[in-house]
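Grab a coffee and open the viewer: here are a few short exercises to work through. Try each one yourself before reading the solution.

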Amino acid sequence: MTMMQEPGTHDGKPGGLSRDDILDNITLYWLTNTSISSARLYWENKHPFFSVKGVTLPVAVSAFPDELYQAPKSWAEKAYPNLIYYN
């Protein structure tokens, strides 16, 4: 990206990737041998992270104020039918 391009543009095409951008990414994963571990992250997270789990054990949930995602009580009640404590 040159100094004159706007952020988020590649070769003057908004949101597009140049051939060099694609080759840079492929080379990075190829040379560092990290393509499989990178793909694994996407494979394991193909389902929503906070999908309902249906755990039947007694469960307590604490939602701390500085967490990136606080599980709402409505979600916790769906995910854990035997929710005994929520704070």
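Keep in mind that this is a predicted model.

**Exercise 1. Work out whether Trp75 is buried or exposed, then find its aromatic partner.**

Step 1. Start with accessibility. Trp75 has a relative accessible area of 14%. The cut-off for buried is under 20%, so Trp75 counts as buried.

Step 2. Now look for ring partners. Searching the whole structure turns up one aromatic pair, and it joins Trp75 to Tyr80. The ring centres sit 5.8 Å apart, with 85° between the planes. Planes over 60 degrees apart count as edge-to-face, so that's the label for Trp75 and Tyr80.

Step 3. Check the partner. Tyr80 comes in at 17% relative accessibility, so Tyr80 is buried too.

**Exercise 2. Place Trp75 and Tyr80 in the largest nonpolar core, and say which element gives the most to this core.**

Step 1. List the members. The core has seven residues: Val59, Val61, Ala71, Trp75, Ala76, Ala79 and Tyr80. Both rings from the aromatic pair are on that list.

Step 2. Sort by element. At least two core residues come from β3 (59-61), and at least two from α3 (73-79).

Step 3. Pick the top contributor. That's α3, with three residues.

Step 4. Put it in context. Nonpolar side chains tend to be buried together in soluble globular proteins.

**Exercise 3. Decide whether Trp30 is buried or exposed, and name the surface patch residues around it.**

Step 1. Locate Trp30: it belongs to helix α1.

Step 2. Read its accessibility. Trp30 has a relative accessible area of 70%. Exposed means over 50%, so Trp30 is exposed.

Step 3. Find its companions. Trp30 joins Leu17, Ile22, Leu23, Ile26 and Leu31 in a nonpolar surface patch of about 700 Å².

**Exercise 4. Look at the loops on either side of α1 and describe Ser18 and Asn33.**

Step 1. Take Ser18, in the loop between β2 (13-14) and α1. Its relative accessibility is 9%, so Ser18 counts as buried.

Step 2. Follow the side chain of Ser18. At 3.1 Å, it reaches the backbone nitrogen of Asp21.

Step 3. Move on to Asn33, in the loop between α1 (19-32) and α2 (35-44). With a relative accessible area of 68%, Asn33 is exposed.

Step 4. Check the backbone. Asn33 isn't a glycine, yet its phi is positive, at about 55°.

Technical notes:
Residues numbered from 1 in each chain as written. Predicted model: local features only at pLDDT ≥ 70, side-chain atom pairs only at ≥ 80, totals over all residues. Heavy atoms only, no water. Helix = DSSP H or I, 4+ residues; strand = E, 2+ residues; numbered from the N terminus. Buried < 20%, exposed > 50% of the residue type's maximum accessible area, 1.4 Å probe, protein only. Phe/Tyr/Trp six-rings, centres within 6.5 Å; stacked < 30°, edge-to-face > 60°. Patch = residues over 30% accessible without salt bridge, like charges linked within 9 Å, V, L, I, M, F, W, Y side chains within 5 Å. Areas by Shrake-Rupley, 256 points an atom, 1.4 Å probe, with all protein chains shown as cover. Salt bridge = Lys/Arg side-chain N within 4 Å of Asp/Glu carboxyl O. Polar contact = N/O pair within 3.5 Å; in protein donor to acceptor, adjacent residues only side chain to side chain. Core = buried A, V, L, I, M, F, W, Y, C linked by side-chain atoms within 4.5 Å.
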